[in-house]
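Thank you for coming. Please bring up the structure now, and I will talk through where its parts meet.

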Amino acid sequence: MQSAVTLVGIAKSYGNLKVLGDINLIVRDGSFTSLLGPSGCGKTTLLNIIGGLDRPTGGEVHLGPDLVYSERQQVSLPTERRNIGFVFQSYALWPHLTVLENVSYPLKIRRLGRSERERRAREMLEKLELGVLADRYPFQLSGGQQQRVAIARSIVYRPRILLLDEPLSNLDAQLRERARAWLKNIHETFGLTTILVTHDQTEALSLSDQVVLLSQGRIEQVGTASEIYDRPETAYAAEFVGGANIIRGRAADAGSAMVTEAGIRISVRQKNPLLAGGAMCVAIRPQKIKLIDDIADNFVHGAVLPFAVTTVLYHGSVYEILGRTQVGELRVLTDRAPEATNTNILLPTEDCISVKP
Amino acid sequence: MQILGNDGDPSGLTTRLPVGMIAGSRSLRSIIIQIPNIVRWTLAVLLFALLVSPMLPIAYQAFSDKPLYESNSSLTLANFRTLFDDPRFHAASIATFWFALIATAISTFVGFLAALILERLDIPFRRTLKILFLSPIFVSALILAFAWSMLFGPSGYATIFLRAILGVSLPNLNSIGGMGLLAGVTAAPVSYLFFSSAIANIPPTLESAARAAGAAPFSALMTIVLPLLRPSLLYCVLLNFVMAIDHLAVPLIFGEPARIEVLSTYLYERGVATQADYGLVSAAALVMLAMIQIVILAQKSLLGDVRRYTTVGGRSVRRGLVPLGRTGWIISAAFLTYTLLTTGIPSAFLILRSFCSFMSPLIPIHSVLTLENFKLILGYDAYVQSIVNTLIVATVGGFVAMLLTFALAIVAYRSSTRLRRFVEFTAFIPRAIPGIVVGIGIFYAAVLLPGGGYIRGTLAILMIAFTIRYFPTGFAVLTPAYLQLGEDLERAVRVAGGGELRSIWAVTLPLLRSAMVGCFLLYFVQFFKEYAAASFLFGPDTAVIGTTMLQLDLMGNLGPVAALSVITLVLTLPIAIFIYAKD
C-alpha cells in the first residue's frame, strides 16, 4: 500500500506558543484516518497544514509522491494546487449559489465545459441522494443536507484526499449517528483517502482504520481503533478513549504488577518490562470492575479493594457508581445498584492494563 | 399571583410591590402593573412625534393656500402647480439627478475598490493608507469643499499655477460633473466603511473553501467575496444617492458661481429668503422626499430574499491577505496619490491659506503671511459667539441626544416585539429626510405649534433639529452594543431582587459606558459639522460655525473662512480620530 500523506517532523508555533511539535505520520492510500483529541490539541491546525490552509514552521508534507511543503527546501504549494477536498466545520457553502452551482464550482475552476460540469455535478448529487435539492439555496437546507452538499462539493472533482474538519459537530445527536454511517458508506463507495478531525471518540473509533490520538500538540498514540481502545499505551490515551480509571504507583516484579503508595499491589494483564523499576499506572475500564458483596463468591483472579460508595447515577441501561478506595476515587459501571454503602470491588487482572503515566 | 401572568409586563415591576399594596382596588392595581408599559409606550410615541415633527407642517403647508401662520387656509394643489411650472425647478430636478448619479457612481466605485484593496490585499503601508483614506470623514464636507474650491476651483491656486507654469488647464469644477466628482470623493469613505464591514462579515472559510476547491486567491476573491457584497452594493448606492440629494456644501460653493441649481440649493435659496414662498418650498421638499422614497423602494425590490447573502460564521479564523508582491507597491503608490490629491494637499493648503492675506502662485508666500484672519475671527463677537454656540450645541445637544438614544434602546430591546418593531421603524425615519427639509420642517413646526415661540431663536431648536437628523446614526451605533449585552445579565439582577431601574443602573449603564461614550462623541462630531439644517433655524444670537462660514464665503472672505475651518479642525479632529481609530 502506498502512502497518501506523509508528515515528517511537522512543527507549528505562533511566536513562543508551540502548537505542534515534531509530528511524524503516514496515512495509507484509501484509508480512513481520524485525528482525535480535545479542543486545543492542535488537530485542526494539523489538518489545515495538510490542506495548505496553514503553514507549519518546520518539517515536510508529502501528498502521495509529491512534496508539497518543505521548510528546508523552500517548497510551499498553495491549497488550490494540492487537489484536495476540504469540508469545514461550518460547511462554508457559498450562500449566493444554488446547490448545483456550489457543487459545479470546482469543475468550473478546472475549466470543464458547462454541460459536462452540470452533468457531473448532477451525477454526484444523485449519488448522494441530493438530486431534488439542486436548485435550492443553502439557507433553504437543513443542517444535515448542508453537510452532505459540502461533501458533494469537495469530492465531485475526485481530489486525492478528503479532509474533514469536525463535519458532524454541528448536527444534533440523532442526526449525527445517521451521518456517521453515511460517511462510512461514502468512504467505502468512493475509496477516497479520508482524514477526519474530531473530538468525539465514538466517531473516531467507529469510522477509522487508523486513529491518531493527539495531546498538547504531540501524537500520543497511533493505531487501529481496537488497538487504541484495547491497548492504550499511556494513561492519557486510556482515559481519553473510553474513560478508563487510572491508578498510579510504581512498577513491581519487572513490570508484571504495580504497587501504589498505600502499598496495594495490582497485577496486570501483560508484563510491561519497559516500565520496570519506574513509575507506572494501571488503567481499568469502569465496566470491567466488579462489585462483590461477599469476597468468598470471587472466582476471578484479581485485586480486591474495599469500596465506599459516594454517588450513584442511574443511566437507564447501567448504573454509574462513584466511590472511594485506598487507591483513590474509582468509577464503576454495573447493571445493578450496590446493596450497601460499604462494599468491595474486584479489579480482574485480565482487565488491568499497564500504561505509561 | 395571577397578576404576574400579565404578558404585557415582562419586566415584572410588580414583584417589587409590597404585599399590602396588591390588596388595593382592582382597577388601581391594574394601572400600577401597567406603569412600566405605559412609560415605554409614551417614550416610543414621543420619539415618533419628535422624528416626524418636521414632516407634518411641511405636508400641511404644501397643500395649503396660505402661509402656515395665517388661519382660515384651505386645501389646494396650487403650490405643486406653481412648482412644476417653474422652469428653474425643472432644471434643478434634472441637475439633481445627474449630480446624484455621478456622485453615487464615484463614491460607490472608489469606496468599493478601496475596501477590496485595503481589506483583502497585502499591500505595503496598508494601515496608514486606511487612515489617510478615511480622513475626509473627520472633516466637514463644507470645509473640504472650501479647500477644493480654493485649490482646484476656476480661480484656485493649483488651477492658476498649472495654467501659468505648465500651460495645463484643469477641468472646470464649477459644473455638474465637477460637483458630482467632489461629492463622490467626500462620500467615498462612507462607502468604504460599508463595504469593509460587509467584507469582515463574510467568513474566511468561504474563501478557503474556494481555495481548497482549486481557485487561486484572486479568483476566490472575485467569484465568492464579490457576489456576496451585492446587497451592500445596492444599499450603498441607495445611501449615496440619498446623501447626494441631501448635499448642500458642494452645490452651494461650486454650483452657485456657475448658476447651477440642484434641489437642495433651490430649497436653500427660497427657504432662507426673507419673502419665502412657504407653499412652494414645502411642495419642493415633498417632491424631494418622494424621490428618496422611490430610490428606497427600488433598492428593496432589487434585492429579493436577503438570506441568499447572509453568511453564518464558524469560529473566527485569522483572515489571510491576498499576496501581491511588487504589484502591491504600485497599488500603494496609486492609493497614496489619490489620498494626497483629494484630502492631504487640500487640507494642508487650507491651513496655509488661513495664515495668508491673499494667495496666488504669482506672489511669493512670505510676503502675504499674516495672523489677520485669526484676529478677525477671534476679535469679532458674532464669530466668537458662533464658535461658542457650536460647542454648546455639540456638547449639551450631543449629551441629551445620547440619553434619548439610550432610553429608546432600552424601550426597543427590553419590551414586546410590537414595541420593538415600532421603535426600530421610527428610529430610521430621518434616514429618508434631507437635512434641509429637517431644518425647514422644524422651523415651520416652531411657527405652528403652541409654545414654539419660546424655542425659536434659541439653541434648543438647533439641538432638536440636529438630534432628529442624526438619531438613526446614533441609534445604530448604540444598539449593537446593547444587544450584545444579553438580557440575562439584567435578569440576574431582577432574580437577585433588584427592580428594573436598578438593573439598568447596576448592570446596563456600567457595561455600556464605552458604547455610550462612542455614541456621544459621534453626536458631538456630527452636531459640530452640521450646517444644512441650521441654515433655516439660526437667529442673530444663535449662529453656528457652519452658517458663519457660509456667510463669510458669500462675502468673499476666504482667509477668515480658512481660519474658521482650521479652528474647527483643531477642535474636532482629535475626537474624530479617537472614534474612528479605535478599531
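Let me begin with B:R469, which forms a salt bridge with B:D246, where the closest N and O atoms are 3.2 Å apart. I should say at once that the model is a predicted one, and that the values I quote are computed from it.

That pair belongs to a boundary inside chain B, which is divided into domain 1, covering 39-69 together with 371-583, and domain 2, covering 89-310 together with 326-368. If you take the centres of these two domains of chain B over their C-alpha atoms, 24 Å lie between them, and the contact involves 46 residues from domain 1 and 40 residues from domain 2. Together the two domains of chain B bury about 3,700 Å², with 77% of that area on carbon and sulfur atoms.

How many salt bridges are counted between domain 1 and domain 2 of chain B? The count is one salt bridge, while five residue pairs are found in polar contact across this interface, both residues being at pLDDT 80 or more. On the domain 1 side, the elements of chain B that contribute two or more residues are α3 (55-62), α17 (372-379), α20 (435-448), α25 (545-554) and α26 (558-581), and of these α26(B) gives the most, with 13 residues. Sorted by class, that side of domain 1 of chain B has 33 nonpolar, eight polar and five charged residues.

Let me now turn to the boundary between the two chains, where the contact takes 25 residues from chain A and 27 residues from chain B. Chain A and chain B bury about 2,100 Å² between them, and 63% of this is on carbon and sulfur atoms.

Which residues of chain A lose the most area to chain B? They are A:E80, A:H96 and A:F139, which together account for 30% of what the chain A side buries. A:E80 appears again in a salt bridge with B:R211, the closest N and O atoms being 2.6 Å apart, and one salt bridge is what the rule finds across the interface of chain A and chain B. Six residue pairs are counted in polar contact between these chains, again with both at pLDDT 80 or more.

On the chain A side, the elements giving two or more residues are β7 (84-87) and α2 (99-109), and α2(A) gives the most, with three residues. By class, the residues of chain A that touch chain B comprise 16 nonpolar, five polar and four charged.

Terms used: Residues numbered from 1 in each chain as written. Chains lettered and ligands numbered in written order. Predicted model: local features only at pLDDT ≥ 70, side-chain atom pairs only at ≥ 80, totals over all residues. Heavy atoms only, no water. Domains from an automatic or database assignment. Contact = heavy atoms within 4.5 Å. Buried area = accessible area lost by both parts, 1.4 Å probe. Salt bridge = Lys/Arg side-chain N within 4 Å of Asp/Glu carboxyl O. Polar contact = N/O pair within 3.5 Å; in protein donor to acceptor, adjacent residues only side chain to side chain. Helix = DSSP H or I, 4+ residues; strand = E, 2+ residues; numbered from the N terminus. Nonpolar A, V, L, I, M, F, W, Y, C, P; charged D, E, K, R; others polar.
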